[in-house]
Amino acid sequence: MSITGIKGMNDILPGEVETWQFLEEQARRIFSLYGFSEIRVPVVEKTELFQRSIGETTDIVEKEMYTFRDKSDNSLTLRPEGTAPVMRAFIQNKLHTRDPIAKLYYMGPMFRYERPQKGRYRQFHQIGAEVIGVEDPKIDAQVLTMLAHYFEAVGITDVELQINSLGCPECRPGYRQALTAFLEDRLEALCEDCRRRYRTNPLRVVDCKVPGCKEATVGAPSVLDHLCGDCTEHFTRVQEHLREVGTAFSINARMVRGLDYYTKTTFEMVTGSLGSQNAVAAGGRYDGLIKDLGGPPLPGIGFAMGVERLALMKGEARIEAARPDLFLAALGEEASRYAFALMSRLQRRGLRTEMDYEGKSLKAQLRRADKLMAKRVLILGEDEMASRQGQLRTMETSTQESVPLDGIEEFLVVAAPPAP
Ligand code: ATP
Ligand code: MG
C-alpha cells in the first residue's frame with residue numbers, strides 16, 4: 001500500500017500553485033508600497049510562547065496545537081499563528097533599537113488540529129503583516145487600507161471589512177462583568193463549550209457559531225458601550241481616518257477575536273461565499289503583547305490572511321500557467337540533437353522553450369505542443385535540416401513560414417514578433 005499524506009495537510013499542485021504565487025507576489029508588491037519588509041521565523045517555537053501570548057483558555061491553546069517533546073524533552077509547538085513568533089523575534093533581536101517603528105510581513109504554513117473541511121485545514125497558510133511602535137489610530141486606518149488595497153489588487157471583491165473595538169485592560173473587566181451577569185440566566189441555552197467559556201473566557205461566548213448560543217446572546221451587552229474614554233476616542237478616530245481615505249467598513253460589535261492578546265481595534269475581512277469559514281483575513285491591535293512577552297512596552301497592530309481561503313475565492317479566475325514561447329518539433333537523430341542545443345541557448349536567452357524527447361511522430365509532437373499551449377512550433381525534419389530552412393508555425397493563427405536556420409537563434413529572440 002502506498003503512503004498517503006496527513007489528513008488536513010494538502011499538496012499544492014501545478015495548476016493551483018500559479019494562483020498561490022500570484023497571491024504571494026501581490027502581497028509583496030502591495031506591502032512594500034506601504035513600507036513593510038519581510039521577516040522569516042521558524043515554524044517551531046517553545047510551547048510557552050503560544051500559551052503566554054494567545055492565552056491558556058483559547059480554542060487554539062486548549063485544543064488545536066500540535067505540541068510534542070523533542071529528544072531533549074523540551075515542549076515544542078508547530079506555530080498555530082504568526083504574530084507571537086514575529087514578536088518573539090522582534091524582542092530577541094532588539095529590532096526596536098534599529099528603528100522605533102517596525103513594519104513587518106510574513107508568509108508561510110501554520111498548524112492547527114481542527115476538523116478538516118472546505119477552507120479549514122490542519123496545515124494552512126497565512127500571509128500576515130504587523131506594525132510595531134505606533135499607537136496613533138492613523139496606523140490602524142493605514143493597516144486596514146492596505147488590507148483593502150490588497151483585496152482589490154488580487155481581484156477579490158466579495159468581501160466586507162468589519163471592525164470593532166475590544167477595549168483595553170482598563171475597560172475590559174467592566175464589560176466582562178456585564179456580560180457574565182447577562183449570561184448567568186442563560187447558561188442552560190448555551191453549548192457545552194460556552195458553559196465552560198462562561199467561566200474562563202466569557203467574551204468568546206458572543207462569538208460562538210452554534211445556533212443556540214447565537215440565539216441566547218441576542219441582546220447581550222455591547223462591548224462598545226463599555227469602552228473607556230481613551231478607547232472610545234481611539235475607535236472614533238480610526239473610523240474618521242478610514243472615511244478620510246475612503247476605505248469602506250462596517251461595525252460589528254459582536255466580533256470577538258479568538259486570541260487573548262487583542263486590545264482596542266479588531267477587524268475581519270468577511271465573505272458570504274465560504275460558508276462558515278467566512279473570515280478570509282483577521283487581526284487587531286495588541287498593545288500589551290510585546291511587554292507581556294518580556295519586551296519593551298510597545299504597541300502593535302496586525303492581521304493575517306488565510307491563503308487557502310483567498311485561493312478558493314479567486315477560484316475560477318485562475319491565472320494561466322506559463323505557456324512555452326516555442327516548441328521544437330524535431331524528427332530524426334540529427335534534428336533532435338540540433339534542437340536540443342538550440343533549446344538550451346534559447347532558454348538561456350529568456351525564451352520559454354520545450355521539445356520532444358521520445359522520438360514521436362510529427363503529429364504527436366504537434367499534439368503535445370498544443371497541450372502545452374505553446375505559442376509557436378519550429379518544425380525540424382530531415383528536409384529542413386538538409387535545406388537549412390525550418391518551418392515556424394504560429395499556433396493561434398495556424399500560419400507557417402519558412403525561416404533560415406542560420407541566425408535562427410537571433411531571429412527567434414530578437415526579430416520575430418511576439419506570438420499571441
Ligand atoms: P475561524 O474563525 O475561521 O476559525 P480564526 O479566528 O481562528 O478563524 P485567525 O486565527 O484569526 O482565524 O487566523 C486568520 C485567518 O487565517 C483566518 O481569517 C482564516 O482565513 C485563516 N485560517 C485560520 N484557521 C484556518 C484553518 N484551520 N484553515 C485554513 N485557514 C485558516
Ligand atoms: Mg479558528
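## A walk from the five-stranded sheet to the ligand

In β15, Leu392 is the residue that bridges to Leu378. That pair is a handy place to step into this model, which is a predicted one. Strand β14 (residues 376–380) and strand β15 (residues 389–394) run antiparallel to each other and share 4 bridges.

Zoom out, and these strands turn out to belong to an open sheet of 5 strands, ordered β13-β12-β14-β15-β16, whose pairing is mixed. As a reminder, strands of a sheet pair through backbone hydrogen bonds, and they can do so in parallel or antiparallel fashion. Now look at the edges of the five-stranded sheet: β13 (353–355) and β16 (399–404) have a single partner strand each, so each is left with one side that has no neighbour in the sheet. As for twist, neighbouring strands here are turned by 25 degrees against each other on average, if you ignore direction.

Helices pack on this sheet too. Helix α14 (residues 362–371) touches β12 (326–330), β14 and β15, and its direction makes about 170 degrees with that of β12. Then there's helix α16 (residues 408–415), which lies across β12, β14, β15 and β16 and runs at about 130 degrees to β16.

While you're in this part of the chain, have a look at Arg323, which sits in the loop between α12 (307–314) and β12. What does the side chain of Arg323 reach at 2.8 Å? It's the backbone oxygen of Met373. If you set aside neighbours within four places in sequence, the contacts of Arg323 are Arg352, Leu372, Met373, Ala374, Lys375 and Pro420.

Now jump back towards the N terminus for another sheet. This one is open as well, with 3 strands in the order β2-β4-β3 and antiparallel pairing. Why do β2 (44–46) and β3 (66–69) each have one side without a neighbour in the sheet? Both stand at the edges with a single partner strand, so nothing in the sheet flanks the other side of either. From one strand to the next, the twist averages 35 degrees. β3 and strand β4 (residues 75–78) pair in the antiparallel sense over 4 bridges, and in that pairing Arg69 stands opposite Ser75 in β4. Helix α2 (residues 47–54) packs on this sheet, touching β2, β3 and β4, with its direction at about 75 degrees to that of β2.

That leaves the ligand. Ligand 1 has 15 residues around it, and the ones that come nearest are Arg112, Glu114, Arg120, Tyr121 and Arg257. Two of those names come up again in the polar contacts. An N or O atom in the side chain of Glu114 is 2.6 Å from a nitrogen atom of ligand 1. Tyr121 uses its backbone instead: one of its backbone N or O atoms lies 2.9 Å from a nitrogen atom of the ligand. Over at Arg309, a side-chain N or O atom is 3.0 Å from an oxygen atom of ligand 1. How much of ligand 1 does the protein bury? Taken alone, the ligand exposes 580 Å², and the protein buries 90% of that.

Three elements give two or more residues to the shell around ligand 1: β6 (123–132), β10 (279–285) and β11 (300–306). The largest share comes from β10, with 4 residues. By type, the shell splits into 7 nonpolar, 3 polar and 5 charged residues.

Note on methods:
Residues numbered from 1 in each chain as written. Chains lettered and ligands numbered in written order. Predicted model: local features only at pLDDT ≥ 70, side-chain atom pairs only at ≥ 80, totals over all residues. Heavy atoms only, no water. Near = heavy atom within 4 Å. Polar contact = N/O pair within 3.5 Å; in protein donor to acceptor, adjacent residues only side chain to side chain. Areas by Shrake-Rupley, 256 points an atom, 1.4 Å probe, with all protein chains shown as cover. Nonpolar A, V, L, I, M, F, W, Y, C, P; charged D, E, K, R; others polar. Pairing = 2+ DSSP bridges. Axes fitted to C-alpha atoms, helices over the stretch in contact; angles between N-to-C directions. Contact = heavy atoms within 4.5 Å.
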